[in-house]
Amino acid sequence: MNDDKLAIEGGRKAAGGVGPFPSKIGKDELLEVLDLWEMSPKTASGIKALLQNDAHIRGPHLFRYYNPRPSKVAAAEAAMKKFIGTEYFMATNSGTSALVAAYRALGIGMGDEVIVPAYTFFATAATVVACNAIPVIVDVDRTLCMDAQAVEKAITKRTKAIAPVHMRGAPAQMDAIMDVARKHGIPVVEDVAQAAGGAFGGKMLGSIGTVGCFSFQHYKIIVSGEGGFLTTNDKKLYTRALNWHDCAACWRPDRFGPEQEGEDLFCGENYRMSELQGAVALAQIRRAGDILARHRAAKKKIKEAMEEFPGLSFRKIADPDGDTGICLIFFLPNVETTRRALAALKAEGVPCGGIYDSKVRDWHIYAYWEHILKYKSVAADRLPWSGVSAGELPKYTKDMCPAALELLSRAILVDIDYNMRDSDCATVANAINKVLRVYLK
Ligand SMILES: Cc1ncc(COP(=O)(O)O)c(C=O)c1O
């Protein structure tokens with residue numbers, strides 16, 4: 001055969017047989033991943049020997065797109081769809097990125113306002129600032145979630161979203177919040193970071209508002225170390241969120257989608273979930289039903305075994321059937337009793353903590369959000385605060401949400417691990433009763 005004939009004209013390929021080359025990720029990397037799990041030396045050396053002797057091992061493709069094998073991230077999205085039930089799902093590398101993508105997909109930017117609760121992990125508000133918009137902080141009610149009446153009072157012509165947070169595993173009062181949102185035509189961004197698997201009125205959290213944002217960070221209910229998901233039934237919003245979460249795909253959301261134009265063509269960032277996170281998330285979502293059932297059963301056992309005491313009251317759960325059961329929060333009559341009972345409970349070994357202490361800095365309480373309260377900015381442009389005239393800025397003060405401070409300073413939170421056995425639940429309840437008998441006589 002004439003070697004000069006071009007392959008394109010039927011000649012022999014001059015560079016045939018070069019590649020494909022194996023994955024950059026091989027056995028060493030797999031062993032490092034396995035080393036994340038504790039195991040007996042015998043198992044560890046057995047696995048190592050098996051891997052080293054296996055000539056058929058092929059390294060993974062840890063990027064969700066262009067994957068020759070089925071993507072774990074895509075499988076995790078499909079599993080979330082089954083679990084939560086909205087039409088569209090987008091995996092992200094964190095809950096924070098899911099929130100930014102949600103706000104950006106809603107078109108939120110300079111001069112806009114987003115209403116957030118006084119009690120939430122700071123990310124709900126920090127992500128508003130990351131979009132150059134202004135967080136408007138409102139008080140909570142006895143659910144320890146956003147108070148719908150406070151939300152209505154805080155609405156201005158610049159309000160572009162309401163962001164209820166289903167705090168500490170329990171739903172916000174979503175009927176009242178959605179009524180206010182609908183009345184004023186404002187989208188709702190549900191922050192479900194702490195309440196995956198919870199529900200309100202028979203609907204899964206994250207499927208009630210315009211968009212839902214989940215975190216799979218290590219301390220959440222279902223976890224992949226880091227990770228998050230965005231949920232919505234709105235196709236346009238989903239497409240815009242996809243654009244934002246993958247800057248390389250801005251003109252083709254999901255890399256293979258139809259080309260974008262006009263206002264939907266914009267520069268995004270990179271919030272993509274890796275296949276490693278996706279694999280762990282997938283396994284966790286499959287286990288979510290069991291994890292939640294065990295949390296709920298343990299909480300019920302502890303609560304039912306607690307005695308009645310004068311001055312003891314429980315956090316209001318907006319929908320008891322929708323509680324995830326990850327913790328039990330109760331209030332004592334005053335700050336001093338709370339402080340002393342808390343120390344006694346800890347001394348007994350009860351897994352618990354206080355929520356607000358005026359002397360202990362905690363990013364879950366708005367009073368410590370100095371960067372917001374003092375209008376701090378990362379750059380000389382002074383954004384987001386320079387986005388409106390000084391007279392239009394919210395007046396933040398440390399005591400502007402009195403219900404949050406008052407309730408949280410008298411609250412005790414008992415952590416519920418889903419591995420608690422019946423005997424653990426009884427032990428915890430007995431210890432609580434022992435302490436409250438002394439302090440709530
Ligand atoms: C209420 C709330 N919102 C948002 C986040 C942010 O999630 P992530 O840590 O995955 O970015 C968290 C958790 O850290 C959270 O608790």
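In the protein chain, 68% of the contacts between residues at least 6 apart in sequence join residues at least 24 apart. The model is predicted, and the values below are computed from its atoms.

**Overall architecture**

The protein chain contains 13 helices and 13 strands. Its C-alpha atoms fill a box of roughly 100 × 65 × 40 Å along the principal axes. Of its 441 residues, 51% count as buried. The accessible surface of the protein chain amounts to about 21700 Å², and carbon and sulfur atoms account for 55% of that surface. As to charge, the chain carries 55 positive and 51 negative charges, whose mean positions lie 2 Å apart.

**Nonpolar cores**

In soluble globular proteins, nonpolar side chains tend to be buried together. In this model the largest nonpolar core comprises 111 residues, and Ile137 and Phe229 have the most contacts inside that core. Helix α4, spanning residues 95–105, is the element that gives the most to this core, contributing seven residues. A second core, separate from the largest one, holds 26 residues, including Leu312, Ala341, Cys425 and Leu440.

**Cysteines and Ser423**

With a cut-off of 2.5 Å between cysteine sulfur atoms, the count of disulfides is zero. Cys327 is accordingly in no disulfide, and the nearest cysteine sulfur, that of Cys145, is 10 Å away. For Cys425, the closest cysteine sulfur belongs to Cys327 at 14 Å, so the pair is too far apart for a bond.

The table lists the relative accessible areas of two cysteines and one serine.

| Residue | Relative accessible area | Class |
|---|---|---|
| Cys327 | 4% | buried |
| Cys425 | 1% | buried |
| Ser423 | 43% | partly exposed |

Why does Cys425 count as buried? Cys425 counts as buried because its relative accessibility is 1%, and the limit for that class is under 20%. Cys327 falls in the buried class because its relative accessible area is 4%. Ser423, by contrast, is classed as partly exposed because its relative accessible area is 43%, a value in between the limits of 20% and 50%.

Where in the chain does Ser423 have its place? Ser423 belongs to helix α13, which covers residues 422–439. Its C-alpha atom is separated by 9.8 Å from that of Lys301, although the two residues are 122 residues apart along the chain.

Technical notes: Residues are numbered from 1 along each chain as its sequence is written. This is a predicted model: local features need pLDDT of at least 70, side-chain atom pairs count only at pLDDT 80 or more; totals for chains, interfaces and linings use all residues. Side-chain values use heavy atoms; hydrogens and water are left out. A nonpolar core is a set of buried Ala, Val, Leu, Ile, Met, Phe, Trp, Tyr and Cys residues joined through side-chain atoms within 4.5 Å. Buried means under 20% relative accessible area, exposed over 50%, partly exposed in between (1.4 Å probe, protein chains only). Helices (H or I, at least four residues) and strands (E, at least two) are DSSP runs, numbered from the N terminus. Contact means heavy atoms within 4.5 Å. Accessible areas come from the Shrake-Rupley method with a 1.4 Å probe; for residues, only the protein chains shown count as cover. Lys and Arg count as positive and Asp and Glu as negative; His and the chain ends are not counted. The place of a charge is taken as NZ of Lys, CZ of Arg, CG of Asp or CD of Glu.
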